[in-house]
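User: Please go through the attached structure with me. I should like each descriptive term to be justified against its definition.

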Amino acid sequence: MAAEGFRQCLLLWSVDYWNLEVMADGIFKSRDIGLRAQKKILSRMATKNIAKTFIDGTTASLLDNLYRLCKLHTGNKIKAEKIIKNIIKIVIKIGVLHRNNQFNEDELKYVETFKKKFQNTQLAVISFHEVDYSFDLPYLQKSICESQESLKSIVQKHLTEKSLNRIDEVFDFFSDVTLLETAFKPDSPYREVMGKIVADINTAMEIGDI
């Protein structure tokens with residue numbers, strides 16, 4: 001589906017369906033049904049090209065480079081695609097929830113906590129790549145785990161068990177000992193793609209994309 005047609009589809013959702021409320025057999029709100037349906041539709045359409053409709057510029061480049069890292073590490077194109085699709089599905093679903101004001105006051109506080117913890121993780125990745133022999137595996141794994149738990153505390157009440165498992169799969173993959181130790185070796189075979197990932201993270205942080 002072309003990007004323009006996709007945007008028009010979303011516009012129809014928001015104008016003709018999103019705010020509609022229907023009363024039948026008690027209280028029935030199609031807004032809630034619409035929310036679930038929209039998350040489902042967008043999730044099923046998750047590809048890197050669709051993601052670029054929601055995720056601009058540098059963040060899209062970061063997704064591409066993360067895919068290259070996953071493929072290099074696993075040697076498995078299908079597994080690498082699955083990891084990136086899981087990231088896209090998570091981003092889309094959280095984006096839908098946020099744009100439609102589904103998070104309560106406590107969850108919004110967790111959002112701020114997640115931002116700080118995830119930023120610490122990103123800064124650690126940048127530092128360990130740029131400074132040889134500075135890599136600290138326990139620190140980075142702890143930072144990734146804290147980001148993971150913080151994110152789940154935001155969406156726990158909103159996402160299905162399947163979606164929560166996707167979050168675990170993504171974070172577990174990127175906290176894998178072999179991946180991290182290989183990625184941050186001075187002579188790492190992933191050195192080139194890690195340089196691109198770090199450059200993307202730096203740029204994204206500067207312009208506020210992530």
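Analyst: Buried means under 20% relative accessible area, exposed over 50%, and partly exposed in between, with a 1.4 Å probe and protein chains only. This is a predicted model, in which local features need pLDDT of at least 70, side-chain atom pairs count only at pLDDT 80 or more, and totals for chains, interfaces and linings use all residues. Residues are numbered from 1 along each chain as its sequence is written, and side-chain values use heavy atoms, with hydrogens and water left out.

User: Why is Lys-116 called exposed?

Analyst: Lys-116 has 58% relative accessibility and therefore counts as exposed, the cut-off being over 50%. Lys-116 belongs to helix α6; helices are DSSP runs (H or I) of at least four residues, strands (E) of at least two, both numbered from the N terminus. The C-alpha atom of Lys-116 is separated by 8.7 Å from that of Ser-147, 31 residues apart along the chain.

User: What makes α6 and α7 roughly antiparallel to each other?

Analyst: The two helices pack at about 155 degrees with their axes 8 Å apart. Axes are lines fitted to C-alpha atoms, for helices over the stretch in contact, and angles run from 0 to 180 degrees between N-to-C directions. Angles under 35 degrees count as roughly parallel, over 145 as roughly antiparallel, 65 to 115 as roughly perpendicular and the rest as oblique. α6 and α7 are therefore roughly antiparallel. Contact (heavy atoms within 4.5 Å) involves residues including Phe-114, Phe-118 and Ala-124 of α6 and Leu-140, Ile-144 and Leu-151 of α7. By class, this contact has twelve nonpolar, seven polar and three charged residues, where Ala, Val, Leu, Ile, Met, Phe, Trp, Tyr, Cys and Pro count as nonpolar, Asp, Glu, Lys and Arg as charged, and the others, Gly among them, as polar.

User: Why are α6 and α10 described as oblique to each other?

Analyst: The axes of α6 (residues 105–130) and α10 (residues 191–207) come within 10 Å and cross at roughly 135 degrees. That angle falls in none of the named ranges, so the pair is oblique. The contact includes Leu-123 and Ile-126 of α6 together with Val-198 and Ile-201 of α10. Seven nonpolar, five polar and two charged residues form the contact of α6 with α10.

User: What is notable about the phi of Asn-101, and how do you know that Asn-101 is exposed?

Analyst: Asn-101 has a positive phi of about 55 degrees although it is not a glycine. Most residues other than glycine have a negative phi. Asn-101 lies in the loop between α5 (77–99) and α6, and its 67% relative accessibility is why it counts as exposed.

User: Why does Tyr-133 count as exposed, and where is it found?

Analyst: Tyr-133 reaches 73% relative accessibility and therefore counts as exposed. Tyr-133 is found in the loop between α6 and α7 (137–155), and has a positive phi of about 65 degrees without being a glycine.

User: How confident is the predictor in the protein chain?

Analyst: The average pLDDT, the predictor's confidence in each residue from 0 to 100, is 80, and 72% of the residues score at least 70. Among the elements, strand β1 (residues 22–23) has the lowest mean, 38, and helix α9 (residues 177–183) the highest, 98. Over residues 1–31 the pLDDT is below 50. The chain has ten helices and two strands, and 43% of its 210 residues count as buried.
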